[in-house]
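Got your viewer open? Load the model, keep the sequence panel handy, and follow along one selection at a time.

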Amino acid sequence: MTKAKLNVLFKKIQKDDKKEVLMFHVQGDELPHPSELLKMPGSITMLNMEESEAGEIGAEFISIQRDNKKTVLKFHIKRDVDGKVNKLYPHAGANVSITLQPSQMSIEEFYEEPHDGVEYTIDKDGSASVSPNQMKMDEN
């Protein structure tokens with residue numbers, strides 16, 4: 001699938017405890033690249049704002065809502081380990097050019113939380129042994 005380039009109003013960027021919400025408005029009754037865009041909601045897309053130095057950002061394309069005056073595109077960005085989202089804030093409220101393309105990443109991979117895991121060793125007989133200091137299931 002090809003990239004979809006849009007001139008949009010960067011309507012809103014909002015942060016809550018787990019994600020950033022980005023909202024863009026495409027003005028007018030004509031939607032550029034309609035066949036590509038209508039396939040993307042519910043998937044992960046790579047979003048790039050030309051006016052920003054953030055580069056490509058992986059975002060969940062939440063929804064696309066159309067009426068006779070505008071089309072609203074809504075995205076969630078969950079992890080921003082590189083601080084890319086902060087580079088978008090100065091552009092909120094302005095007209096910008098964005099490029100969207102589908103990502104190879106699944107939604108499950110996008111939302112997977114990093115974790116430390118449990119330390120263990122594999123014994124010669126193939127069984128696993130955990131540290132004796134590891135908390136047991138019945139301990140709280």
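Start by colouring the chain by pLDDT, which is the predictor's confidence in each residue, from 0 to 100. The average over the chain is 81, and 83% of the residues score at least 70. This is a predicted model, where local features need pLDDT of at least 70, side-chain atom pairs count only at pLDDT 80 or more, and totals for chains, interfaces and linings use all residues. Residues are numbered from 1 along each chain as its sequence is written, and side-chain values use heavy atoms, with hydrogens and water left out.

Now switch to cartoon view. You'll find two helices and eight strands, in the order β-β-α-β-β-β-β-α-β-β from the N terminus. Helices (H or I, at least four residues) and strands (E, at least two) are DSSP runs, numbered from the N terminus. Select residues 70–77: that's strand β5, with the highest mean pLDDT among the elements, 91. Then jump to residues 107–111, helix α2, which has the lowest, 53.

Next, select residues 4–15, strand β1. Which strands does β1 run antiparallel to? One is β6 (residues 95–102), joined to β1 by six bridges; another is β2 (residues 20–27), also joined by six bridges. Two strands count as paired if DSSP finds at least two bridges between them. Zoom in on V8 and you'll see V96 of β6 opposite. Click L9 too: its bridge partner in β2 is H25. Follow the backbone from β1 to β2 and you trace a hairpin, with four residues between the two strands.

Stay with β6 and pick T99, which lies in that strand. Is T99 buried or exposed? T99 is buried, because its relative accessible area is 16%; buried means under 20%, exposed over 50% and partly exposed in between (1.4 Å probe, protein chains only). Show what surrounds T99: leaving aside neighbours within four places in sequence, its contacts (heavy atoms within 4.5 Å) are K3, A4, K5, M46, L47, N48 and E50. Across the chain, buried residues make up 32% of the 140 residues.

For the last stop, turn on the surface and select Y120, in strand β7 (residues 120–122). Y120 counts as exposed because its relative accessibility is 54%. Add I122 and V130, and you have a nonpolar surface patch with about 340 Å² of accessible area together. Such areas come from the Shrake-Rupley method with a 1.4 Å probe; for residues, only the protein chains shown count as cover. Patch members have over 30% relative accessible area and no salt bridge (a side-chain nitrogen of Lys or Arg within 4 Å of a carboxyl oxygen of Asp or Glu), with like charges joined within 9 Å and nonpolar side chains (Val, Leu, Ile, Met, Phe, Trp, Tyr) within 5 Å.
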